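Let's take a walk through this structure, starting from a single residue and ending at a pocket. Have the 3D view open as you read.

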Amino acid sequence: MTFQKDFYAEHPEVSAMTEAQVAAAMKELNANIEGKQPHPKPVRSFDHIELAPEVKTALTGAGFAAPSPIQSVGWPTALSGRDMVGIAQTGSGKTLAYLLPGLVHIAAQPPLRPGDGSLALVIAPTRELALQIHGEAVKFLGNSTHVRTTAVFGGVSRYGQAADLRRGSELVIATPGRLLDFLESGVTNLKRVTYLCLDEADRMLDMGFEPQIRKVVSQIRPDRQTLMWSATWPKEIQRLARDFCREDPVKLTIGTEELSLNKNITQQIEVVGEFDKRGRFMDWIRGVAGVETKVLVFTETKRGADSLCRELQYQSLSAEAIHGDKDQRQRDRAISDFKSGKVTVLVATDVAQRGLDIKDVMYVCNYDLPKTLEDYIHRIGRTGRAGRTGTAVTFFPADAYTPDVIRMARQIAKAMRDIGQAPPQALLEVAGGR
């Protein structure tokens with residue numbers, strides 16, 4: 001069965017762009033394109049692509065004044081039916097860069113028949129991210145009745161998900177393990193999948209999911225359209241791209257292929273002794289936490305998250321904690337309450353550093369120092385999303401500058417310089433002046 005996948009009609013204003021104008025626009029977007037010609041010209045307005053009126057309304061309602069850099073080039077690429085690899089940091093708007101073309105793709109395919117699997121499949125590393133993507137899809141589907149979507153992930157009963165899959169879902173967003181479980185038990189199949197997206201591919205490899213991903217992809221028709229998204233471009237991701245994408249995919253990089261800080265985040269460093277840290281933190285959070293202000297706080301341990309949450313509640317602040325010992329229902333409820341504003345402070349271990357896409361988090365606090373620069377970047381990247389500004393506060397221990405603490409200070413200082421920001425004096429003192 002053949003299928004349609006090229007839906008892109010270039011807007012006259014885009015067609016009229018000269019090579020010099022395209023180059024200037026790409027420089028402004030901090031974007032780079034490689035791969036087989038022709039390369040798409042960037043779209044700079046929502047009017048440059050054909051979107052349903054309700055989708056445009058939802059985009060502006062979500063705070064988007066214009067396509068983000070990844071959307072500006074990603075939309076024409078994906079709508080053209082081409083395979084692509086997107087390298088972009090979290091908070092760049094990449095979810096909509098593949099979801100909206102995916103919905104266009106689904107709408108153009110013959111309807112599902114009894115026993116068919118999905119038409120589009122998004123694979124994500126964590127249940128939190130799968131739920132985030134599912135929420136975005138539902139929001140932008142509007143009142144559409146011809147696209148059903150199902151999120152498939154572990155940690156909860158499989159029966160509701162299995163029932164949805166058997167009834168038929170045009171769009172499935174899944175974690176690798178649970179999806180493979182359903183495939184092996186015959187609940188669903190991938191024979192109709194013609195639009196495949198791998199989100200946070202680097203994270204999936206870090207979590208050891210490569211064998212499961214390969215088993216899943218081996219069951220999808222080879223003439224599908226494939227989109228891969230990653231924050232970095234290591235050799236392992238390059239190998240996956242060669243194996244999963246046809247011919248020479250378009251490779252779109254926004255910013256750098258290395259993990260980097262978000263320029264829109266103001267970074268504050270507090271150097272404080274362990275004995276004084278709790279009091280300093282409480283003074284700080286009482287000054288910033290309010291009815292309309294969301295604060296995400298990271299701790300190193302589950303016990304530390306629960307202890308800090310109890311202290312915040314004792315101080316009459318609306319707070320919840322999420323970590324690996326909480327069951328999925330508790331975590332989902334806490335995240336939902338945080339999104340809605342019912343809870344204004346969410347205390348989390350690193351279970352939440354990736355996959356949490358809450359656009360109006362104004363403050364992130366590293367109550368405990370993360371172990372690596374990558375963890376630091378992902379943690380503070382929960383604020384300043386989708387072009388907004390944010391503030392990240394990090395507590396460095398003053399009692400003893402261990403080699404690990406000094407190393408982190410030096411790495412953060414270098415990462416700040418790499419994006420043109422001056423490291424604060426407090427950080428340089430911890431780093432030994434470097």
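Start with Arg127, which you'll find in helix H6, the stretch covering residues 127–141. Keep in mind as you look around that this is a predicted model. Which residues does Arg127 touch, leaving aside those up to four places away in sequence? The list is Phe153, Gly154, Gly155, Thr175, Gln328 and Arg331. Pick out Gln328 from that set: Arg127 and Gln328 are 201 residues apart along the chain, yet their C-alpha atoms are separated by 9.0 Å.

Next, a pair of helices. Find H8 (residues 176–184) and H10 (residues 210–217), whose axes come within 9 Å and cross at roughly 40 degrees. Angles from 35 up to 65 degrees fall between roughly parallel and roughly perpendicular, so H8 counts as oblique to H10. Is the crossing left-handed or right-handed? For H8 and H10 it's left-handed. On the H8 side, the residues that meet the partner helix are Pro176, Leu179, Leu180 and Leu183, and on the H10 side they are Gln212, Ile213, Lys215 and Val216. Sorted by class, this contact of H8 with H10 comes to six nonpolar residues, one polar and one charged.

Now move along to a second helix pair, H12 and H13. H13 spans residues 302–314, and H12 packs against H13 at an angle of about 50 degrees, with the axes 12 Å apart. That angle makes H12 oblique to H13. Here the crossing is right-handed. H12 brings Arg278, Phe281, Met282 and Ile285 to the contact, while H13 supplies Ser307, Leu308, Glu311 and Leu312. By class, the residues where H12 and H13 meet split into five nonpolar, one polar and two charged.

H12 also leads us to the last stop, the second largest pocket. How much space lies in there? The answer is about 300 Å³. Its lining is made of 15 residues, and those nearest the centre of the pocket are Glu300, Asp368, Leu369, Lys371 and Pro397. The elements giving two or more residues to this lining are H12 (274–288), strand E14 (390–397) and helix H16 (403–418). H16 provides the largest share, with four residues. As for chemistry, the lining of the second largest pocket has seven nonpolar residues, seven charged ones and one polar.

Technical notes
Residues are numbered from 1 along each chain as its sequence is written. This is a predicted model: local features need pLDDT of at least 70, side-chain atom pairs count only at pLDDT 80 or more; totals for chains, interfaces and linings use all residues. Side-chain values use heavy atoms; hydrogens and water are left out. On a 1 Å grid over the protein atoms alone, a cavity is a set of points where a 1.4 Å probe fits but cannot get out, and a pocket is an open set with protein on both sides within 12 Å along at least five of seven lines; lining residues have an atom within 4 Å of a point. Grid points are joined across faces, edges and corners, and a volume is the space filled by probe spheres set on the points. Ala, Val, Leu, Ile, Met, Phe, Trp, Tyr, Cys and Pro count as nonpolar, Asp, Glu, Lys and Arg as charged, and the others, Gly among them, as polar. Axes are lines fitted to C-alpha atoms, for helices over the stretch in contact, and angles run from 0 to 180 degrees between N-to-C directions. Angles under 35 degrees count as roughly parallel, over 145 as roughly antiparallel, 65 to 115 as roughly perpendicular and the rest as oblique. A crossing is left-handed if the near helix is turned anticlockwise from the far one by less than a right angle, and right-handed if clockwise. Contact means heavy atoms within 4.5 Å.
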